[in-house]
Every structure is written in C-alpha cells, then in structure tokens.
Amino acid sequence: MNTTEKKHEIKMVVCDMAGTTVEENNLVYKTLKKAINHFGYAVSLDVVLEKGAGKEKKQAIDAILRSLGKELPEADLQEIFDFFLGELESAYQKAVVTPQNDANLFFKTLRESNIFIVLNTGYDKKTAETLIDRLDWKIGRDIDALITADDVPRNRPYPDMIQRAMDLLAIDSSLSVMKVGDSQIDIAEGQNAGCGLSIGITTGAHTAAQLREANPDYIVDNLLDILPLIN
C-alpha cells in the first residue's frame, strides 16, 4: 500500500469479480487464450492478461488480437466470443471457484457499516450469475447489486457500470464511491467515473508494478487492507 493520505466518506464500494473478489485461478483468461488459439492464433497467457484483463470479453479478444497486428471483422470476433462462452460455461461447471481471501468478511463488514457493496464485471450477466450462485452469494444478503458488461452501452474503461450502480442505489456523488480491481482498466474505470478512491489489488491479473502504471490511489494485497482507508 502506498502512503498517500486520501480518505473520503465512502457510501458504496464497487468491486470487480474474477481476481478481485472471486478466486478462480485465472480460469477465464486461460479459457480466453484457449478460444483465441483454437482459431489458429498463438497467444500466451501473459499477453492475454496484459491486454485483456478486466475488459468485456469480446472487447478483450479484439484488444489481444490487435496487439498481434490482427484486425478482425465483427463476425469473426463474434465467432471466437461465442466459442469462448461455450468453453467457459463448461469449464466453470468443473472448476473450483471460491471467494477471494476474506471476501465474505469484507462484504459483511461493509454492509454492517451501511456501505453498499456492488460487484461489477466484464462478464455477461449469465456467466456472472452462474458464478455468484456457485459462491452462494445473494443480492440483498451478501451484496447489494451486480452490474455486468451487458447491462450498459459502454464497457471499461468507460464509467457506465459504476454510474449504473450509483443510479440503482441512489448515490449522488462519485466522490462517495470506491472502485476496487485487479487490473489497470479497473483503475481507469474508477478514475473515469470520478470515484473518491480507485484501488488496485494484487490478487489477480496484474502485478503491483503493472497496477502502479495506472496511478491508483492505493495498492493493497488483501481486501481487508481496504477497510482502514474508509472513513
């Protein structure tokens, strides 16, 4: 964690899912790599994480392939994306998926402090709901809302998902919102929304050094490290 003293009266915390609040051993990005390579490309997991982490997944496929100098027409991107969704659904049926360390206690502490906890994600709604069902997380009991990539017209780094959550929970100032995520694009999303705090966490896709390039307010190693930052 850096030592910058910056606190705000936080009323809502918006957390990413995979790598931030959900531990799934990078399954989504391993499946993304498998899907892209199934169509004849050769990308490494490191490239997938660097170029695709945190993004809506068709957007991620496009970004990864553009980094290889490949610009695909929409129909070809959709074909890879559809294959990816099928593979991911199958993989999640068999995979071990657990809450990130201390995620349940983090949620409980926030809700007991009357701070809304929202999950947002580059997943589509069906995939996200499958995940929270497997984790036995309930809206209204463990979290206050779930906002997914297909809920909004624009995805990260645009602030639309955070603004949707603010509208849903009647939060009138983005300075009262904290964004937490494990990728650079999560931090950019929080900054673009004008969040009071944008936090990087080292439990997922990007390293502390990679997160630092996005200039977050803080970088933490555990969700509970965030609690002292909230007034």
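Here are three short exercises on the structure above, each with a worked solution.

This is a predicted model, in which local features need pLDDT of at least 70, side-chain atom pairs count only at pLDDT 80 or more, and totals for chains, interfaces and linings use all residues. Residues are numbered from 1 along each chain as its sequence is written, and side-chain values use heavy atoms, leaving out hydrogens and water.

**Exercise 1. The sheet**

Find the order of the strands in the open sheet, and name its edge strands.

Solution. Start with the inventory: the chain has nine helices and eight strands. Helices (H or I, at least four residues) and strands (E, at least two) are DSSP runs, numbered from the N terminus. Next, look for pairs; two strands pair if DSSP finds at least two bridges between them. This gives an open sheet of six strands in the order E5-E4-E1-E6-E7-E8, with parallel pairing. Strand E5 (145-148) and strand E8 (218-220) are the edges, each pairing on one side only. As a check on one pair, E6 (residues 177-181) and E7 (residues 197-201) run parallel and are joined by four bridges. Within that pair, Val 180 has Ile 199 in E7 as its bridge partner.

**Exercise 2. Helices on the sheet**

Which strands does helix H7 touch?

Solution. Contact here means heavy atoms within 4.5 Å. Helix H7 (residues 160-168) packs on the sheet and touches strand E1 (12-15), E4, E5 and E6. Now take directions: axes are lines fitted to C-alpha atoms, for helices over the stretch in contact, and angles run from 0 to 180 degrees between N-to-C directions. By that rule, H7 makes about 150° with E5. For another helix, take H6 (residues 125-134), which lies across strand E4 (116-121) and E5 and runs at about 145° to E5.

**Exercise 3. The largest pocket**

Which helix gives the most to the lining of the largest pocket?

Solution. Work on a 1 Å grid over the protein atoms alone: a pocket is an open set of points with protein on both sides within 12 Å along at least five of seven lines, and lining residues have an atom within 4 Å of a point. The lining includes Leu 85, Tyr 92, Asp 124 and Arg 134. Helix H4 (74-94) and H6 each supply at least two of the lining residues. H4 gives the most, with five residues.

Definitions and conventions. On a 1 Å grid over the protein atoms alone, a cavity is a set of points where a 1.4 Å probe fits but cannot get out, and a pocket is an open set with protein on both sides within 12 Å along at least five of seven lines; lining residues have an atom within 4 Å of a point.
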